[in-house]
Amino acid sequence: MKMPGDSEPTPARLRRARIAIAAVFCAHGAVTGSFATRIPWIQDHAGLGSGTLGLALAFPAIGAALAMPLAGRINHRFGARAALRVLLALWTLSLILPSLAPNLPVLCMALLVYGATSGMSDVAMNALGVETENRLGRSIMSSLHGMWSAGALLGSAAGMVAAHAGADARLHHLIAALALTAAGLVAVCGVLDLRSGQDEEAPPHFAMPPKSALLIGAIGFAAVFAEGASLDWSAVYLRDVLHTDAGLAAASTTAFALTMAVARLAGDRVVDRFGPVRTVRAGGLLATAGGLLVVLVREPAGALAGFGLIGLGIAVVVPLAFAAAARSGPAPAQAIAGVATITYTSGLIAPSAIGAVADATSLVVSFGLVTLLAFALVVGAGLLRAKPAGGEPAPADRDESAAIRP
């Protein structure tokens, strides 16, 4: 994609664009945090049990998987900034829908729309993030995803306050949606205005991801599986396997989430110094060591340290997978959509897969599976050594022997 008139942005313009796209990621994450904290209210309002709520919560991933392939076409037709402006606004406004649902069928449809707008805006902002990174000539994707995590924390904090005050989720989500829509529209004004060249062929409305994206997506799948398993099952593991109290069990989830957020915010410096392949290999080793601590050390302190190491080890994998996918061929948005679809699927199946394995065997065996997937990051890290169509190494994937020089 090119700037209008083929003019390259100045360094100052690029710095402003980086701040703007970081604000977009933050706003996107804040929607997720705002929704997650009010799920109990939505469950009660729609009169759902645990099983029917679980069914409804599968629909965001279904909607995202169905809609994400459309993002490339929209990007090509309207340009990166205009596409992001519309898709981000649809996503922030979709926060209003779930709390309005009076029953299961309406909630499923609301969450389908919620997931579809989330997925399309996710692809658009990641594609623009990679384009900004390419022009800056240094890694920024990890910190962008760190800003997403920070936004999710801010949204969940506001949601906790609203829930504690007994606020109606319909009013809470209306106010949050309008505020985040306004913030998102302001932020999008500062991103790069990139457009497809006249000679660039429009991507199809729907297409299978390219083979390169499938292989890179497998790395993202392993990382997101470990993330979903740890977030949803770490507290249960400490309570049921190690017999800790509820407070200490909850601390495992906090340890995991905090190490993820901190590692993402600091990850760009590591990637610039060592390159994506070495970074992911080292992260895979850390996550594997964390998994072994969880499985083998039957003490709460060991499990807490283990979950923290898993979070630290997998934190930068998905941002780097998106960046590698975007550089793997001539259609960045289509490749990112392919990787995102695979990672969304992993996030959908991980919690239930861990539960199924635990029912058949034990939670210890379930986290043995997580440990094996963490080690797969060590083996498959070389897949992230992606190159653009021209064949020259991309800025964030330069020769690793040069990357480690002081």
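**An all-helical predicted model: burial, salt bridges and a surface patch**

Val-113 lies in helix α7. With a relative accessible area of 39%, Val-113 counts as partly exposed. The C-alpha atoms of Val-113 and Pro-98 are 9.5 Å apart in space, and the two residues are separated by 15 positions in sequence. Helix α7 spans residues 104-136, and the description that follows returns to this helix in connection with a salt bridge.

The coordinates are those of a predicted model. The average pLDDT of the protein is 85, and 88% of the residues score at least 70. Confidence is lower over residues 388-406, where pLDDT stays under 50. For that segment the model has 36 contacts beyond four places in sequence.

The secondary structure consists of 16 helices, with zero strands. The protein has 406 residues, of which 52% count as buried. The accessible surface comes to about 16800 Å², and carbon and sulfur atoms account for 69% of this area. Among contacts between residues at least 6 apart in sequence, 85% join residues at least 24 apart.

Tyr-344 provides an example of a contact between segments distant in sequence. Tyr-344 is found in helix α14, which covers residues 332-360. Tyr-344 and Ala-64 are 280 residues apart in sequence, yet their C-alpha atoms are 7.7 Å apart in space. Apart from neighbours within four places in sequence, Tyr-344 is in contact with Ala-61, Ala-64 and Met-68, as well as with Ser-118, Gly-119 and Asp-122. Tyr-344 has a relative accessibility of 21% and is therefore classed as partly exposed, since the buried class ends at 20%.

Ser-366 is located in helix α15, residues 363-380. The relative accessible area of Ser-366 is 0%, so this residue is buried. When residues up to four places away in sequence are set aside, Ser-366 touches Ile-354, Val-357 and Ala-358.

Six salt bridges are present in the structure. Side chains of opposite charge can pair when their charged atoms come close. One of the salt bridges joins Asp-268 and Arg-18, with 3.9 Å between the closest N and O atoms. This pair links distant parts of the chain, as Asp-268 belongs to helix α11 (residues 246-296) and Arg-18 to helix α1 (residues 11-37), 250 residues apart. The N to O distance of 3.9 Å falls within the 4 Å cut-off for a salt bridge, and the pair is therefore included. Asp-268 is buried, at a relative accessible area of 6%, whereas Arg-18 is partly exposed, at 24%.

A second salt bridge is formed by Arg-135 and Glu-131, whose closest N and O atoms are 2.9 Å apart. Both residues lie in helix α7, four residues apart, which corresponds to about one turn of the helix. Glu-131 has a relative accessible area of 12% and is buried. Another salt bridge connects the side chains of Arg-239 and Asp-240, at an N to O distance of 2.7 Å. Here Arg-239 is partly exposed, with a relative accessible area of 46%, and Asp-240 is likewise partly exposed, at 39%.

The structure holds zero disulfides. Among the cysteines, Cys-26 counts as buried at 17% relative accessibility, and Cys-108 counts as buried at 7%.

A nonpolar patch on the surface is formed by Leu-93, Leu-171, Leu-174, Ile-175 and Leu-178. Together these residues have about 450 Å² of accessible area. Helix α9, residues 169-188, gives the most to the patch, with four residues. Leu-178 is one of the patch residues and lies in helix α9.

Terms used
Residues numbered from 1 in each chain as written. Predicted model: local features only at pLDDT ≥ 70, side-chain atom pairs only at ≥ 80, totals over all residues. Heavy atoms only, no water. Patch = residues over 30% accessible without salt bridge, like charges linked within 9 Å, V, L, I, M, F, W, Y side chains within 5 Å. Areas by Shrake-Rupley, 256 points an atom, 1.4 Å probe, with all protein chains shown as cover. Helix = DSSP H or I, 4+ residues; strand = E, 2+ residues; numbered from the N terminus. Buried < 20%, exposed > 50% of the residue type's maximum accessible area, 1.4 Å probe, protein only. Contact = heavy atoms within 4.5 Å. Disulfide = S-S within 2.5 Å. pLDDT = per-residue confidence, 0-100.
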